[in-house]
Amino acid sequence: MLYSLGMSGSQDGPGAAGTRVVFDGHIVRLEIMDGKWEIVRHASAVAVLALNGRGEMLLVRQARRAVGAVTVEAPAGLIDAGEEPVGAARRELQEEAGLDGDMELLTRFYSSPGFCDEELFVFHATNLRESKLPHDEDEEGIEVLWLPPAQVLAGLRDGSLVGSASTVTAALYGLQLLAGGAAGRAGQEPS
């Protein structure tokens, strides 16, 4: 992660001089920097674009308490301590959808760099195959569905679907891959 902005003449980042920790939880840490900047420290995360042979993208429908809604999202989750992003992507795909595949990094970005240091890695999974990990109680209530990326973007736009930045990113990449004749590169949905 890059922290040095040179704005205050000091190194910005976790534990920087002039930083006070307000809250330190399991997922987030809230710091006040230089007495005025509220900074959320958050573990990095992954999201996975998986396309089947019909040009549909894999999504999971789940209740999200933070936004008070049922969302439709690309499979995603936090990177565990000591885990590489590609390993986290494979694990999340296995936990949420019972699939595994070959991973290619599409992009990486900060989810909301104005106040949060969470970096998101978006992968494209190909050569899909069944591979379910042992039951994880955090994955209860997840429904797997396949929708065309254009339908996902239209639903997010008109409000009939609720999603995330990683879902928008994955859907846009899905459209690009499909338009470029990459349907042949799309993973095959297991039977």
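The following questions and answers concern a predicted model and the reasons for the terms applied to it.

Q: What makes Val28 partly exposed rather than buried or exposed?
A: Val28 has a relative accessible area of 31%. Buried requires under 20% and exposed requires over 50%, so Val28 falls in between and is called partly exposed. This residue is found in strand β2, residues 28-33.

Q: Why can Val28 be counted in a nonpolar patch on the surface?
A: Patches are made of residues with over 30% relative accessible area. The value for Val28 is 31%, so Val28 meets that cut-off. Val22, Phe23, Ile27 and Val28 form the patch, and together they have about 340 Å² of accessible area.

Q: Why is β9 described as largely enclosed by the rest of the structure?
A: Of the 12 residues of β9, 9 are buried, so the strand is largely enclosed. Buried here means under 20% relative accessible area. For the protein, 44% of the 191 residues count as buried.

Q: How do you know that β8 and β9 are paired strands?
A: Pairing requires at least two bridges. There are 10 bridges between β8 and β9 (residues 119-130), so the criterion is met. The two strands run antiparallel, and Thr107 stands opposite Val122 in β9.

Q: What makes the pairing in the sheet of 4 strands mixed?
A: This open sheet has the order β7-β4-β9-β8. β4 and β9 pair in the parallel sense over 6 bridges, with Phe121 in β9 as the bridge partner of Val46. β8 and β9, by contrast, run antiparallel. Strands of a sheet pair through backbone hydrogen bonds, in either the parallel or the antiparallel sense.

Q: Why are β7 and β8 called edge strands of the sheet of 4 strands?
A: In the order β7-β4-β9-β8, β7 (76-78) and β8 (99-110) each pair on one side only.

Q: How do you know which elements of the sheet are touched by helix α1 and helix α3?
A: Contact means heavy atoms within 4.5 Å. Helix α1 (residues 85-97) touches β4 (45-50), β7, β8 and β9, and its direction makes about 125° with that of β8. Helix α3 (residues 165-179) touches β4, β8 and β9, and its direction makes about 35° with that of β4. Each of these helices is therefore said to pack on the sheet.

Q: What makes up the protein in terms of helices and strands?
A: There are 3 helices and 10 strands. From the N terminus on, the elements run β-β-β-β-β-β-β-α-β-β-β-α-α.

Terms used:
Residues numbered from 1 in each chain as written. Predicted model: local features only at pLDDT ≥ 70, side-chain atom pairs only at ≥ 80, totals over all residues. Heavy atoms only, no water. Axes fitted to C-alpha atoms, helices over the stretch in contact; angles between N-to-C directions. Buried < 20%, exposed > 50% of the residue type's maximum accessible area, 1.4 Å probe, protein only. Patch = residues over 30% accessible without salt bridge, like charges linked within 9 Å, V, L, I, M, F, W, Y side chains within 5 Å. Areas by Shrake-Rupley, 256 points an atom, 1.4 Å probe, with all protein chains shown as cover. Salt bridge = Lys/Arg side-chain N within 4 Å of Asp/Glu carboxyl O.
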